[in-house]
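I am opening a notebook page for a structure that is new to me. I will write down what I look up, one topic at a time.

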Amino acid sequence: MIGVPLPVSTSPILRRAGSKPVFSDQRSGELGINNDEGFLFPAEVNEMKGGSIPMHGAAIMPSPVLLWRFKVLLFLVWGISCCKIGWDSVMRMSADLRDLFLYEAFLYYNPLLLVTLMVWLWGVNLWVFAQSSVSYAKVFDLDHTHLTYREIWKCSTWMTIIVPTSMTAYLYLYSHGEVSLAASQPVMLYTVMLMLLVFPFDIFYLSSRYYLLRTLWRIILPLQAITFSDFFLADILTSMSKVLSDLERSVCRMVNRQVATIAWFEADSICGSHSLAIPLVLVFPYLCRFFQCLRQYKDTKEKTSFLNALKYSTAVPVIFLSALKYHVFPNKWTNFYRPLWLLSSVINSLYSFYWDIARDWDLSVFTRIFKFKNPHRCTSLLYGRIWVFYWVIGSNLILRCTWTYKLSAHLRHNYLTVFTITALEISRRFQWIFFRVENEWNKMTAKQSIELSTEDVPKEEDRLLGPASHSM
C-alpha cells in the first residue's frame, strides 16, 4: 500500500534532530487505529498488524541505566588516557623548552576549552529556565526549533571529547619529534569548528547556527534597532574578550606558519606578545556594546542607555594603559601609567558592579529568582534564601575586580592564572544570566498585565451609553 506520513509534532521536547517522518499503512484504519492519538513507530505498527517482536530480540537490548554507566566508564577511561599521554609527553621535553611550549599549547586550546565551558553553562541556564516559570523562548523570541538544554549538552559533550583529544595529540606528536604533524592538529581543529558553524546544509542544527551568526552580524554592525538577543550576546562576548584575543593570535600564527615554533616569542614578531592587535581585539566587544547603547539612546532617548554606554567606555583605558607597558620606558610605566591603570581598573570594576546589581538585575528580582512551576529540590535550596543574596552580590563584586586582571595585557604571561580567572568570569556571567533573563521576563509579564488591565477598563463612551445609564 501507499505509505502516508504521520503528523509530526513541532514541540521542541518531542523533536529529535535528524528524525524522519514515520510512515504507516493506509490499512491501519481497518484495524481501528486512530492516527491522531499519537505517534506510531514501526514496531508499534507491526504489532498492531498481528506481528510481534521476538522475546530474545528484546532481551538483547541493554537497559538505559546500563548503557549510561558504560558511557560514563568509557568517558573516564578516555579522560585518564589523555591525562597520562599528555603528562608523559610534557615530561619528555627539556626543562628550558617546556614552559614556552605549554604557553603556546594553552594559547591554541584554551579558547576552545573556555567556549566548551560556556556551552555547558548555557545548558545549565536553559535547564533551570525549563524548570521555572521563565519562558526564555519568548524572551529571546525563539521559534519552536530552538535547541533544548539536552541538545546543548550533547554539543558540549562532543566538544569536551574533541578538544582535549586534539590537544593530547598535539603534545604527543611534538614531544616525539613529529613537529609538522603536531602543527596540523590545531589547524585541523579550528578548520572543522569553522566549517560546522557555517555549514549551509540542514544538519547540525542549521536554524540555531544561523540565528547565532545573524546575531553576531547585528552586533558587529549595530545599524538597526537593538533587540534583547543583540545586547545579551554582546554582554557575553565582553566576558570572552580574552578568548577572542587568544583566537586572534592563534589564527595569526596559523596563517603565518608559526605553529609549534617559538618565533612568536620575539618582540618584533607579527603575532608576538607585543602585537598591537591584542588590545584592539580585547576592546572590540566593549566598543560593540558601546555603540549598541548609543543606538538605543538614539531610538528611545532614555538616559539609562547613555549611562550604560559610559560604563562600557571605562574598559577602554584599562586595556590600552595596560598595553603601554610594552611601548614605554619602565620608569615611566611605574611612575605614571601604572597608577592611571589602577585607577581606571577600580572605576571600571565598581561601575560595572553597580550596574549589574541596580540596573541589569533590579534588586527586587532576588525575591522571585528560580520560582519553579512544579516542586523541585532547587526551590528549597535557592528560593527565598538569604544566603543567595550574599553569595551572588559578593561573588559578583570579587569576580568583577579580578576581571580587570584578565583585561590587562601586561599580565598575560601568567597564562594559568589568566585561564583560571577567565573561567571564573565566564561562570560569573552565566550566574548573571539567571537574574538578567528573569528580570526581563518579569518586565514582559508586567507589561502584558498592564495592557490587559487597560483593555478591561471601559471607555467613557461605553459607560455613558451602557444599559446601566438608561435604567428607569
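The entries below go from the whole chain to single residues.

**Entry 1, the whole chain.** I note before anything else that this is a predicted model. I counted the elements of the protein chain and found 18 helices and two strands. I then looked up burial, and buried residues make up 39% of the 472 residues in the protein chain. For the surface, I wrote down an exposed area of about 27300 Å², of which carbon and sulfur atoms supply 68%. I also looked at contacts between residues at least 6 apart in sequence, and 70% of these join residues at least 24 apart.

**Entry 2, the record.** I looked up the UniProt entry, which is unreviewed, and under "transmembrane region" it lists residues 66–87, 107–130, 187–207, 219–241, 261–288, 309–328 and 378–399. I checked two of these ranges against the model. Over residues 107–130 I found the chain to be 100% helix and 0% strand, with the end C-alpha atoms 36 Å apart. Over residues 187–207 the chain is 67% helix, again with 0% strand, and here the end C-alpha atoms are 27 Å apart.

**Entry 3, helix α3.** I turned to helix α3, which covers residues 64–91 and contains Phe75. Phe75 belongs to a nonpolar patch on the surface, together with Trp68, Val72, Leu76 and Ile80, and the accessible area of the patch is about 520 Å². I recorded Phe75 as partly exposed, because its relative accessibility is 35%. In helix α3 I also found Lys84 and Asp88, which are four residues apart, about one turn of the helix. Their side chains meet in a salt bridge, with 2.6 Å from N to O. Asp88 has a relative accessibility of 32%, so I entered it as partly exposed.

**Entry 4, pairs in other helices.** Why look for such pairs at all? I look because side chains of opposite charge can pair when their charged atoms come close. My search of the whole structure gave eleven salt bridges, and I followed up some of them. In helix α10, residues 241–255, I found Arg249 and Asp246 three residues apart, about one turn of the helix. They form a salt bridge whose closest N and O atoms are 3.4 Å apart, and I noted both Arg249 and Asp246 as buried. In helix α17, residues 415–456, Glu440 and Arg436 are separated by about one helical turn, because they are four residues apart. For their salt bridge I wrote down 3.4 Å between the closest N and O atoms. I entered Glu440 as buried because its relative accessibility is 18%, which falls under the 20% limit. Arg436 is buried too, with a relative accessible area of 7%.

**Entry 5, a network.** My last search was for salt bridges that share residues, and it gave a network that links Asp356, Arg400, Glu425 and Arg428. I chose Glu425 for a further look, and I found it in helix α17. Is Glu425 buried or exposed? I recorded Glu425 as buried, with a relative accessible area of 1%. The side chains of Glu425 and Arg428 are joined by a polar contact of 2.9 Å. Leaving aside residues up to four places away in sequence, I found that Glu425 touches Ser239, Leu399 and Trp403.

Definitions and conventions
Residues are numbered from 1 along each chain as its sequence is written. This is a predicted model: local features need pLDDT of at least 70, side-chain atom pairs count only at pLDDT 80 or more; totals for chains, interfaces and linings use all residues. Side-chain values use heavy atoms; hydrogens and water are left out. Patches are made of residues with over 30% relative accessible area and no salt bridge: like charges are joined within 9 Å, nonpolar side chains (Val, Leu, Ile, Met, Phe, Trp, Tyr) within 5 Å. Accessible areas come from the Shrake-Rupley method with a 1.4 Å probe; for residues, only the protein chains shown count as cover. A salt bridge is a side-chain nitrogen of Lys or Arg within 4 Å of a carboxyl oxygen of Asp or Glu. Buried means under 20% relative accessible area, exposed over 50%, partly exposed in between (1.4 Å probe, protein chains only). UniProt positions are given in the numbering used here, feature names are shortened, and annotations may be inferred rather than shown by experiment. Contact means heavy atoms within 4.5 Å. A polar contact is a pair of N or O atoms within 3.5 Å; within protein, one must be able to donate a hydrogen and the other to accept it, and residues adjacent in sequence count only if both atoms are side-chain atoms.
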